[in-house]
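Please look through the structure below at your own pace, first as a whole and then part by part. The paragraphs that follow go through it in the same unhurried way.

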Amino acid sequence: AKIAWKTKNDVNAANVVVIDEERLFISSGYGHGAAMMVFDGEELGELWQTKRMKNHMATSMLIGEHLYGIDEAVLKCFDLEGKELWSERGIGKGALSAAGSRLLVHTAKGELLVVQADPTGFKEPSRSQATQRGACWTSPVIVDGLIYLRSSRGELVVRDHR
């Protein structure tokens with residue numbers, strides 16, 4: 001099955017998020033938006049679409065029954081029916097990863113935020129400056145409690161969160 005997902009400049013940087021055996025979430029930046037797709041084994045269709053989640057580069061994270069992603073420069077939480085539950089400005093074009101019930105967010109300013117994956121609101125137990133130079137577009141990588149962060153200028157930082 002195939003469906004067209006045409007975007008400005010033909011840029012689709014964020015990965016598809018597999019929700020379950022039937023549903024897929026897709027999102028693109030540059031003003032395009034997101035959609036929940038459904039696959040019945042033969043046909044691929046659309047359940048809903050929104051302009052309120054535009055993943056420029058960072059793929060949205062599925063934690064439980066909620067999607068967390070960066071809408072151009074705003075961190076947001078959505079339910080799986082397409083309803084926006086909360087948003088938090090000040091992230092910039094950053095990157096994120098999921099770690100259990102938390103999000104690791106590397107902001108455009110080089111800050112590392114640990115955010116509770118909580119659909120009732122934005123909860124940030126930790127924020128610290130991590131990188132100093134360049135854009136922060138690569139997702140944080142977590143290995144055995146160590147968080148690896150990289151900036152576009154080649155700065156590599158390892159944080160111990162064991």
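Which residues does threonine 7 touch, not counting residues up to four places away in sequence? Threonine 7 touches Asn12, Ser28 and His32, where contact means heavy atoms within 4.5 Å. Its place is in the segment before strand 1, and at 9% relative accessibility threonine 7 counts as buried, a word that here means under 20% relative accessible area, while exposed means over 50% and partly exposed lies in between, with a 1.4 Å probe and protein chains only.

Before going further, please note how the model is to be read. This is a predicted model, in which local features need pLDDT of at least 70 and side-chain atom pairs count only at pLDDT 80 or more, whereas totals for chains, interfaces and linings use all residues. Residues are numbered from 1 along each chain as its sequence is written, and side-chain values use heavy atoms, with hydrogens and water left out.

Now to the protein as a whole. Its secondary structure comes to 0 helices and 15 strands; both are DSSP runs numbered from the N terminus, helices being H or I with at least four residues and strands being E with at least two. The C-alpha trace spans about 45 × 35 × 30 Å along its principal axes. For 162 residues, a compact globule would have a radius of gyration near 15 Å, and the protein, with 16 Å, agrees with this; the radius is taken over C-alpha atoms, and the globule rule is 2.2 Å times the number of residues to the power 0.38. Of the 162 residues, 46% count as buried. Among the contacts with a separation of 6 or more, 37% come from residues 24 or more positions apart. The protein exposes about 8400 Å², of which carbon and sulfur atoms supply 48%, as given by the Shrake-Rupley method with a 1.4 Å probe.

The strands can be followed sheet by sheet, with the rule that two strands pair if DSSP finds at least two bridges between them. One open sheet of 4 strands has the order 1-2-3-4, with antiparallel pairing. Strand 1 (17-18) and strand 4 stand at its edges, each with a single partner strand, so one side of each is left without a neighbour in the sheet. Strand 1 and strand 2 pair in the antiparallel sense over 2 bridges, and valine 17 stands opposite phenylalanine 25 in strand 2.

Another open sheet of 4 strands follows the order 5-6-7-8, again with antiparallel pairing. Its edge strands are strand 5 (61-63) and strand 8, each of which pairs on one side only. Strand 7 (residues 74-79) and strand 8 pair over 4 bridges in the antiparallel sense, and the bridge partner of cysteine 77 in strand 8 is tryptophan 86.

Further along the chain, strand 13 (residues 141-143) and strand 14 (residues 146-150) run antiparallel and are joined by 3 bridges, with leucine 146 in strand 14 as the bridge partner of valine 143. In their hairpin, which has 2 residues between the strands, aspartate 144 takes a positive phi near 50 degrees. Strand 14 also pairs with strand 15 (residues 156-160) in the antiparallel sense, over 5 bridges, and here arginine 150 stands opposite leucine 156. The hairpin of strand 14 and strand 15 has 5 residues between them, and glycine 154 in the turn has a positive phi of about 85 degrees.

The aromatic rings remain to be considered. A search of the whole structure finds 3 aromatic pairs, where rings of Phe, Tyr and Trp (its six-membered ring) pair if their centres lie within 6.5 Å, and planes under 30 degrees apart count as stacked, over 60 as edge-to-face and the rest as tilted. The rings of phenylalanine 25 and tryptophan 48 have centres 6.2 Å apart and planes at 45 degrees, so this pair is tilted. The pair links distant parts of the chain, with phenylalanine 25 in strand 2 (residues 23-28) and tryptophan 48 in strand 4 (residues 44-50), 23 residues apart. Phenylalanine 25 is buried, with a relative accessible area of 3%, and tryptophan 48 is buried as well, with 12%.

Tryptophan 86 and phenylalanine 122 form an edge-to-face pair, 5.7 Å centre to centre and with 65 degrees between the planes. At 8% relative accessibility tryptophan 86 counts as buried, whereas phenylalanine 122, at 22%, counts as partly exposed. Ring pairs link Tyr68, Trp86 and Phe122 into a cluster.
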